[in-house]
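Me: Hey, got a minute to walk me through a protein I've never looked at before? I'll put it up here.

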Amino acid sequence: MSTKIDKKITGYQVVKAEDAKPAPAATAPVEEAKSGAEVIQMHESVERPDTLIGNTYKIKSPLFEHALYVTVNDIVLNEGTAHEQRRPFEIFINSKNMDHFQWIVALTRIMSAVFRKGGDVTFLVEEMKAVFDPRGGYFKAGGVYMPSIVAEIGAALEQHMKMIGLIHDPELSESQKALIAEKRAAYEAQAAGTTAPASSEAAADNAETEASPFPASASMCNKCNTKALVLMDGCQTCLNCGYSKCG
Ligand SMILES: [Zn+2]
């Protein structure tokens, strides 16, 4: 029996004798597979195309002397159709400092294998961001706390997955945004009132708040890991994510 293939071949698998045998017994799933055959999902036997598109993220951490370069390459499935989907396919990490080379190779190979398995791969971000370095973490520009270098690699992967549309930011509602803006204005007015006599100092404060988008006196928010929590009228309010706790 010959089958005419009128679509682009994006992957193939050689049918072995032992694979072919149970097929008649499992007729229903085969039928199902046929009807859904137009949409290619990520699975282990999707062949790597010769060329992949990707992005490289630079990570500079006080825990590492040299920068790390994290490259995530993506595969585009069902290109040009309504089911077009860009998914990570492989990850590489490079650095001048190769002290941790074997762990980095092990981590990136396992991550790449997870990408190729298909299914939901966004859990990798949460797992990695929850890794804490026993020597302590560090703050990045913008006041975001990084508990470890693994967490920062996870943050780079998260940034990438947001860019390709696998992870969506929980959008703050208009009323939440308005509330944060209102709290922020009130806090800034209060802060300006207390530092008003020393105008040069206030100017210096303003310059500082420009570098970090949140007040210098803000503390860590446990919900979004950002130094954006301010105390107002007995309530702690996060100017980044809107988290609030009173008393
Ligand atoms: Zn927050």
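Me: Leaving aside neighbours within four places in sequence, which residues is Leu-157 in contact with?

Reply: Leu-157 is in contact with Val-72, Leu-124, Val-125 and Met-128. Contact here means that the C-beta atoms of two residues, placed from the backbone, lie within 7 Å. Keep in mind that this is a predicted model: local features need pLDDT of at least 70, side-chain atom pairs count only at pLDDT 80 or more, and totals for chains, interfaces and linings use all residues. Numbering starts from 1 along each chain as its sequence is written.

Me: OK. Which residues touch the most other members of the largest nonpolar core?

Reply: Val-70, Leu-124, Val-125, Met-128, Ile-153, Ala-156 and Leu-157, out of 21 residues in that core. A nonpolar core is a set of buried Ala, Val, Leu, Ile, Met, Phe, Trp, Tyr and Cys residues joined through C-beta atoms within 7 Å. Buried means 20 or more other C-beta atoms within 10 Å of a residue's own, exposed means 12 or fewer, and partly exposed is in between, with C-beta atoms placed from the backbone.

Me: And which element gives the largest share of this core?

Reply: H5, with seven residues. S2, S3, helix H3 (101–117), helix H4 (123–129) and H5 each supply at least two. Helices (H or I, at least four residues) and strands (E, at least two) are DSSP runs, numbered from the N terminus. There's also a second, separate core of eight residues, including Ala-218, Cys-221, Val-230 and Cys-238.

Me: Back to H5. Where does it lie?

Reply: Helix H5 (residues 149–163) lies across S1, S2 and S3, at about 145 degrees to S1. For such angles, axes are lines fitted to C-alpha atoms, for helices over the stretch in contact, and angles run from 0 to 180 degrees between N-to-C directions. Among the buried residues of H5 are Ile-149, Ile-153, Leu-157 and Met-161. What covers the buried residues of H5 includes S1, S2, S3, H4 and strand S5 (145–146).

Me: How far apart are the end C-alpha atoms of H5?

Reply: They are 21 Å apart, which agrees with the span expected for its 15 residues at 1.5 Å a residue. The expected span is 1.5 Å times one less than the number of residues. Just after H5, Gly-165 takes a positive phi of about 90 degrees.

Me: Now the sheet. What order do the strands come in?

Reply: S1-S2-S3, as an open sheet with antiparallel pairing. Strands S1 (53–59) and S3 (85–95) are the edges, each pairing on one side only. Two strands pair if DSSP finds at least two bridges between them. The twist averages 20 degrees from one strand to the next.

Me: How many bridges join S1 to S2?

Reply: Seven, and Ile-53 stands opposite Asp-74 in S2. Between strand S2 (residues 68–77) and S3 there are 10 bridges. Val-76 stands opposite Arg-86 in S3, and Leu-77 has Gln-85 as its bridge partner.

Me: What about the loop between S2 and S3, which residue has its place there?

Reply: Asn-78. It has a positive phi of about 55 degrees although it is not a glycine.

Me: Why does Asn-78 count as partly exposed?

Reply: Because it has 15 C-beta neighbours inside 10 Å. Asn-225 also has a positive phi of about 55 degrees without being a glycine. Asn-225 is in the loop between strand S6 (219–220) and strand S7 (227–232), and with 21 C-beta neighbours inside 10 Å it counts as buried.
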